[in-house]
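Please look over the sequence and the model below before reading on. The paragraphs after it start from one side chain and work outward to the whole chain.

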Amino acid sequence: MSAESDSEADDAEGTTGAKLFGRWATDEIEYLDPSTERYITITPIAHTMGRHATKQFQKSEISIVERLINRLMQTDENTGKKQQTTRMVREAFEIVHNQTDENPIQILVGAIENSAPREETVRLKYGGISVPKAVDISPQRRVDQALKFLAEGVYNDSFKTPTDAEEALAQQLVGAADNDVGTYAVNQKEEKERVAAAAR
């Protein structure tokens with residue numbers, strides 16, 4: 001079968017055959033949380049060159065893997081090092097696959113769903129008195145918070161420690177996907193929801 005007939009067959013099935021990092025399939029990803037599914041976009045592209053920055057909420061239309069890469073760069077040591085961070089995520093995905101024998105994109109989606117808090121607290125002022133109040137979190141902010149917790153967990157586990165950043169990221173993803181409270185991201189989510197429950 002020729003390459004042209006292969007591409008025609010892919011088009012007929014509705015898939016392009018493109019894979020993230022040339023290895024991981026981006027279709028057939030399962031979502032267990034319907035509220036965040038719309039905001040977790042899976043594409044085979046890991047670098048859109050900031051095309052999403054023209055509108056306020058367009059960030060949800062870029063790949064969740066690229067959003068993770070961008071979030072990992074938000075430290076003093078890694079600012080602007082996108083190629084290095086992309087390579088780190090690629091190697092972390094290999095470690096995740098070796099540990100779980102699953103598609104690491106599926107593990108990432110599960111980690112985000114398990115790390116996304118449902119409630120948080122805001123401070124309301126009543127006559128000069130500040131009172132905490134529990135509020136529901138929008139699905140887009142839930143995804144943002146999950147990415148933040150995962151990135152903070154990687155930084156805490158790898159900064160000035162013998163653990164490589166790739167291993168730290170793989171541990172965070174696998175632990176969060178298993179809903180392990182010992183993982184930083186899940187622990188932060190539980191803490192946020194506990195504080196919110198006390199402020200109801």
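Leaving aside neighbours within four places in sequence, which residues is Glu-66 in contact with? In this predicted model, Glu-66 sits in helix α3. Its contacts beyond those neighbours are Ala-46, His-47, Thr-48, Met-49 and Lys-82. Glu-66 counts as buried because its relative accessibility is 1%, and the cut-off for buried is under 20%.

The surrounding chain has eight helices and four strands. From start to end of the sequence, these elements come in the pattern α-β-β-α-α-α-α-β-β-α-α-α. The C-alpha trace spans about 75 × 40 × 30 Å along its principal axes. Of the 200 residues, 41% are buried. If contacts are taken between residues at least 6 apart in sequence, 61% of them join residues at least 24 apart.

Helix α5 is a useful place to look at burial. It is largely enclosed by the rest of the structure, since 11 of its 12 residues are buried. The buried residues include Pro-104, Ile-105, Ile-107, Leu-108 and Ala-111, and also the polar residues Glu-113, Asn-114 and Ser-115. From its first C-alpha to its last, α5 reaches 16 Å, close to the 16 Å expected at 1.5 Å a residue.

Helix α7 covers residues 165-177. At 1.5 Å a residue its 13 residues should span 18 Å, and the end C-alpha atoms are 18 Å apart, so the two values agree. The buried residues of α7 are Glu-166, Ala-168, Leu-169, Ala-170, Gln-172, Leu-173, Val-174, Gly-175 and Ala-176. What covers these buried residues? The cover includes α3 (64-72), α4 (82-100), α5 (104-115), α6 (139-158) and α8 (184-198). Leu-173 shows this at the level of one residue: leaving aside its neighbours within four places in sequence, Leu-173 is in contact with Phe-93, Val-96, Ile-107, Leu-108, Ala-111 and Leu-150.

Leu-173 also belongs to the largest nonpolar core, a set of 39 residues. Within this core, Ile-64, Phe-93, Ile-112, Leu-169 and Leu-173 touch the most other members. Two or more residues come from each of α3, α4, α5, α6, α7 and α8. The greatest contribution is from α6, which gives seven residues.

The loops next to these helices hold some backbone angles worth checking. Most residues other than glycine have a negative phi. Asp-101, in the loop between α4 and α5, has a positive phi of about 60° although it is not a glycine. Lys-160, in the loop between α6 and α7, has a positive phi near 55°. Are these two residues buried or exposed? Asp-101 counts as exposed because its relative accessibility is 63%, and Lys-160 is exposed with a relative accessible area of 77%. The cut-off for exposed is over 50%. Just after α7, Asn-179 likewise takes a positive phi, of about 60°.

Last comes the surface of the chain. About 11500 Å² is exposed, and carbon and sulfur atoms supply 47% of that area. The chain carries 24 positive and 34 negative charges, and the mean positions of the two groups are 12 Å apart.

Conventions: Residues are numbered from 1 along each chain as its sequence is written. This is a predicted model: local features need pLDDT of at least 70, side-chain atom pairs count only at pLDDT 80 or more; totals for chains, interfaces and linings use all residues. Side-chain values use heavy atoms; hydrogens and water are left out. The expected span of a helix is 1.5 Å times one less than its number of residues. Buried means under 20% relative accessible area, exposed over 50%, partly exposed in between (1.4 Å probe, protein chains only). Contact means heavy atoms within 4.5 Å. A nonpolar core is a set of buried Ala, Val, Leu, Ile, Met, Phe, Trp, Tyr and Cys residues joined through side-chain atoms within 4.5 Å. Accessible areas come from the Shrake-Rupley method with a 1.4 Å probe; for residues, only the protein chains shown count as cover. Lys and Arg count as positive and Asp and Glu as negative; His and the chain ends are not counted. The place of a charge is taken as NZ of Lys, CZ of Arg, CG of Asp or CD of Glu.
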